[in-house]
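Visitor: I would be grateful for a close look at a single part of this protein, namely the surroundings of the ligand. Please then place that part within the rest of the chain.

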Amino acid sequence: MEQYGGFNNMWDAELDVVVAGAGGCGLVAALAAAEKGLEVGIFEKTEFVLGNTAASAGMIPAANTRFQKEAGIFETAEEMTEDILKKNHYESDYNLTLAVCKVSGYLVEWMVDSLQIQLSLVKEFKYPGQRNFRMHAPPSRSGLELIKKLKQAVTSKDNIYLLVKSEVSELITNENNEVIGIEVKTSDGVQRIKAKKVILATNGFGANKEMVRKYIPEIADALYFGYEANTGDAIRMGEKVDASIASLTGYQGHSAVAESQGILVTWGTIMMGGFMVNQNGDRFGDESHGYSEFAIQVLKQPGQCGYIIIDQHIYDQLISIEDFKQLVEMEAFKTSTSIDELASLLQLPADHLHKTFKSVHKAVEEGTDSFGRTEWPRKLASSYYAIKVSQLFSIRKVDC
Ligand SMILES: Cc1cc2nc3c(=O)[nH]c(=O)nc-3n(C[C@H](O)[C@H](O)[C@H](O)COP(=O)(O)OP(=O)(O)OC[C@H]3O[C@@H](n4cnc5c(N)ncnc54)[C@H](O)[C@@H]3O)c2cc1C
């Protein structure tokens, strides 16, 4: 990075590309630019390279990958686009969504081939609304592993500078209102960095209560489960230079955070045949519709909580997933060989729980239930496992 000294100089440094934010998005953008031989600076507000990416399950949705083809799945970007639009009620822009889907397969293969990050197709379960197995994840199925590998790739490149404790605070424009650089707050004061391209990868505004209240008032009082540094800085900076803003009302809910442990319970539990009951031992909706949509349902239940019930088969399939393994190690699951014992362990009315199991088994036989759920792969069989969950919200832009 070329340094400019001297009192009268306008710039402290000049780069080809600057990236604000060192989450998955920022690191991937920087690596892609560096591959073209460009000099790149990544400026990260916090001391760490984590972001929401580290908290995630590290699952990357992508169509038309060779990993899908190896599993006999031939899926087009158009099909992935249709699934997303159906799920988000056609709220995202078609062309933009298609463009993301078209590049998704290339992204996954590039990460494996060029960045040497091990990713495989998740075949244990499909996410709600996905017609095919489409998630690609590192072996541990953990975002922490993903971000660590991305950081390793970044630090191995001579033409990428990664600076932590460096908050991008302003965009600098020329007389034509074109962005030509950034201001960064560092421990040495404010630095002005000139760049040919500026990429804002600072995620959403979930940690900014004021913005959540302004744009998504219905979840203003819900718990935010995400990176505290994601305070909507890019939106504020963009608005200051008259950038147009859109799609600010989208958010991701989750109806299954293990209440005492603060860890997400994978929705694979549901998609593989598990179900959720409330404190009365009753089911209260179509869980397979999606963990985000179901968060609102959980919010309406007594105590604003629920219990996910699975069996040994599902447990065995999911034990290789890092978050799930951690929950098992923390003894978060109650386990039993009978419905009566399960009811007693969870302090649920046994007669209601028996009735629920009976109706679930009927749903498996008939292929649907009174809530319209059709995803019933098989009947649960003893041993049973159950975990208490509540809901939470994070904010991101597109639901894939
Ligand atoms: C619990 C959880 C599970 C999830 N699971 C999945 C999943 O399995 N699959 C999936 O596709 N999605 C998942 N998501 C969503 C996914 O994690 C995010 O959409 C994705 O990681 C966002 O990446 P990002 O780089 O945009 O943001 P982040 O990873 O959040 O990175 C943003 C970075 O910008 C930094 N920053 C903020 N402001 C500034 C500033 N002014 N200057 C410099 N730096 C700044 C932050 O400190 C942070 O490091 C999950 C989300 C959560 C919360």
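Guide: What follows is an account of the ligand shell, and then of the chain around it.

The model is a predicted one. In it, 35 residues surround the ligand. The closest of these residues are Gly 21, Gly 23, Cys 25, Gly 51 and Ser 56. By class, the shell around the ligand divides into 15 nonpolar, 15 polar and 5 charged residues. Three elements each supply at least two residues of this shell: helix H1 (24-35), helix H2 (51-55) and strand S8 (167-173). Of the contributors, H2 gives the most, with 4 residues.

The wider annotation may be considered next. UniProt, in an unreviewed entry, places the feature "domain: FAD-dependent oxidoreductase 2 FAD-binding" at residues 16-390. Over residues 16-390 the chain is 36% helix and 20% strand, and the end C-alpha atoms of this stretch are 46 Å apart. The domain assignment, by comparison, gives domain 1 (2-198) and domain 2 (252-393). The C-alpha centres of domain 1 and domain 2 lie 34 Å apart. Where these domains touch, the contact takes 11 residues from domain 1 and 14 residues from domain 2. The side of domain 1 that touches domain 2 has 4 nonpolar, 3 polar and 4 charged residues.

As for the overall form, the protein has 14 helices and 16 strands. Along its principal axes the C-alpha trace spans about 80 × 45 × 40 Å. The radius of gyration is 23 Å, which agrees with the value near 21 Å that a compact globule of 400 residues would have. Buried residues make up 45% of the 400 residues. Among contacts with a separation of 6 or more, 69% are between residues 24 or more positions apart.

One position in domain 2 illustrates such a separation. Ala 258 lies in strand S11 (residues 252-258), and it counts as buried because it has 21 C-beta neighbours inside 10 Å. Ala 258 and Lys 388 are 130 residues apart in sequence, yet their C-alpha atoms are 6.0 Å apart in space. Beyond its neighbours within four places in sequence, Ala 258 is in contact with Ile 263, Val 265, Leu 327, Ala 332, Ile 387 and Val 389.

Some details of backbone geometry remain. Most residues other than glycine have a negative phi, and most peptide bonds are trans. Arg 141 has a positive phi, near 55°, and lies in the loop between strand S6 (135-137) and helix H6 (143-155). Arg 141 counts as buried because it has 25 C-beta neighbours inside 10 Å. Ser 247 also has a positive phi near 55°, and is found in the loop between helix H8 (233-240) and S11. With 13 C-beta neighbours inside 10 Å, however, Ser 247 counts as partly exposed. Finally, a cis peptide bond joins Ser 382 and Ser 383, with omega about 10°. Ser 383 lies in the loop between helix H14 (350-366) and strand S16 (384-394).

How values were computed. Residues numbered from 1 in each chain as written. Predicted model: local features only at pLDDT ≥ 70, side-chain atom pairs only at ≥ 80, totals over all residues. Domains from an automatic or database assignment. Contact = placed C-beta atoms within 7 Å. Nonpolar A, V, L, I, M, F, W, Y, C, P; charged D, E, K, R; others polar. Near = placed C-beta within 6 Å. Rg over C-alpha atoms; globule rule 2.2 N^0.38 Å. Buried ≥ 20, exposed ≤ 12 C-beta atoms within 10 Å, placed from the backbone. UniProt positions renumbered as here; feature names shortened; annotations may be inferred.
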